Amino acid sequence: MPSHLHEILIEMFRGRPSLAAELLDGPLHGDLPEYDEAHLSSAELTDVAPTEYRADAVIRLTRAGADVLAVVVEVQLRIDARKRRSWPAYVATLHARLSCPVALLVICPDGGVADWAANPIEIGPPASKVVPVALGPNEVPVVTDPAAAQRLPELTVLSTLAHADRTDPIPLFRALFAALDAVDVDRAALYHDFMLTALSAATRKLLEDFMTTTDYPYKSDWARRQFAAGRAEGKTEGKAEGEASAILTVLATRGFDVSDGDRAKITECTDLERLEEWLRRAVTAERVEDLGLEIR
């Protein structure tokens, strides 16, 4: 069953076929042909034999209406030896169908999988082989310029996914939300939710904190709503932290020994009404149990 990460990465190419060329432009350098348009093509790669092959996505780059390069896009999350037998069939079938050069682009969120996928696939002598273009975190460019991010929104999402856990993420976050500001509402929400699930817990917290403090002049209604909600949530969290600190201070001043469990209940609570009630009770309580912490 395809994972959420797998499906979102494929959706990026379906929604923006030119992403394939943007990613290939670095590894292929001058070998990428000039093109006018990028088109999403059928991912069915079945030939006359009964075996059915389906790639994750197929992109056609055209110039003056003629195909100049076809790209087989595969999202690979783990090492799978079977793919090294099917990928050459994808390339050969598409080459026969379109009569143009074919590149095999393998997107690998994991660097170790990218190293494995980049190995040439030997078909047979003499020197017959398919060489995948594997893009792992190290190969994805770092996008921090908001103007570039708005031109290349999907590449910016991949940049944040690849690098936010490995460097100062704030410039990446600025670029990310500039990119989300440039796409339609549904796609912005999809990419935003994707980042919240794909990033590590520590980096996700930094992203959420960033949303409460940034002053970038976002233009779209979606971005304005997201940041307004983030600021409101940040204010609520800040007030809750203040109430929890006050409760613990009162209890400490009155000489109560607060257990780790009760301390966690107080500091983790975000219900302001409940925290205010606990604070009032802390002033007159004869013991910590009188606060009613067991009622969550």
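Is arginine 204 buried, exposed or partly exposed in this predicted model? The legend to Figure 1 gives the answer, and the further legends treat other sites.

**Figure 1. Arginine 204 in helix H9.** Helix H9 comprises residues 201–213, and arginine 204 belongs to this helix. Arginine 204 is partly exposed because its relative accessible area is 25%, a value that lies between the limit for buried residues, under 20%, and the limit for exposed residues, over 50%. When neighbours within four places in sequence are set aside, arginine 204 is in contact with Leu196 and Leu199. The view also includes alanine 164, which is 40 residues away from arginine 204 along the chain. The C-alpha atoms of arginine 204 and alanine 164 are separated by 9.3 Å.

**Figure 2. The protein as a whole, for orientation of the close-up views.** The protein contains 12 helices and 7 strands. Of its 296 residues, 44% count as buried. Among contacts with a separation of 6 or more, 61% involve residues that are 24 or more positions apart. The protein exposes about 15200 Å², and carbon and sulfur atoms supply 51% of this area.

**Figure 3. The open sheet of 5 strands.** The strands follow the order S1-S2-S3-S4-S7, and their pairing is mixed. Strand S1 (37–41) and strand S7 (133–135) stand at the edges. Each of these two strands has a single partner strand, so one side of each is left without a neighbour in the sheet. Neighbouring strands of the sheet are turned against each other by 25° on average, direction ignored. In general, strands of a sheet pair through backbone hydrogen bonds, in either a parallel or an antiparallel manner. S1 and strand S2 (residues 57–63) pair in the antiparallel sense, over 5 bridges. Within this pair, leucine 40 stands opposite isoleucine 59 in S2.

**Figure 4. Helices H1 and H3 packed on the sheet.** H1 touches S1, S2, strand S3 (66–75) and strand S4 (102–107). The direction of H1 makes about 170° with that of S3. Helix H3 (residues 83–98) also packs on the sheet, with S1, S2, S3 and S4 as the strands it touches. For H3, the angle between its direction and that of S3 is about 160°.

**Figure 5. Serine 18 in the loop between two helices.** The loop connects helix H1 (4–15) and helix H2 (19–28). Serine 18 has a relative accessible area of 19% and is therefore buried, the cut-off being under 20%. Apart from neighbours within four places in sequence, serine 18 is in contact with Tyr35 and Ala38.

**Figure 6. Surroundings of tyrosine 191 in helix H8.** Helix H8 spans residues 185–198 and includes tyrosine 191. Tyrosine 191 counts as buried because its relative accessibility is 1%. The side chain of tyrosine 191 makes a polar contact of 2.8 Å with the side chain of arginine 187. Beyond its neighbours within four places in sequence, tyrosine 191 is in contact with Met12, Glu154, Val157 and Leu180. Of these contact partners, leucine 180 lies 11 residues from tyrosine 191 in sequence, and the C-alpha to C-alpha distance between the two is 7.7 Å.

**Figure 7. Alanine 64 and serine 99, two loop residues with positive phi.** Most residues other than glycine have a negative phi. Alanine 64, although not a glycine, has a positive phi of about 55°. Alanine 64 is found in the loop between S2 and S3, and it counts as exposed because its relative accessibility is 74%. Serine 99, likewise not a glycine, has a positive phi of about 55°. Serine 99 is found in the loop between H3 and S4. With a relative accessible area of 63%, serine 99 is exposed.

**Figure 8. Cysteine 100 and cysteine 269, two buried cysteines.** A disulfide is a covalent bond between the sulfur atoms of two cysteines. A search of the whole structure finds 0 disulfides. Cysteine 100 is buried, as its relative accessible area is 3%. Cysteine 269 also counts as buried, with a relative accessibility of 7%.

Terms used
Residues numbered from 1 in each chain as written. Predicted model: local features only at pLDDT ≥ 70, side-chain atom pairs only at ≥ 80, totals over all residues. Heavy atoms only, no water. Helix = DSSP H or I, 4+ residues; strand = E, 2+ residues; numbered from the N terminus. Buried < 20%, exposed > 50% of the residue type's maximum accessible area, 1.4 Å probe, protein only. Contact = heavy atoms within 4.5 Å. Pairing = 2+ DSSP bridges. Axes fitted to C-alpha atoms, helices over the stretch in contact; angles between N-to-C directions. Disulfide = S-S within 2.5 Å. Areas by Shrake-Rupley, 256 points an atom, 1.4 Å probe, with all protein chains shown as cover. Polar contact = N/O pair within 3.5 Å; in protein donor to acceptor, adjacent residues only side chain to side chain.
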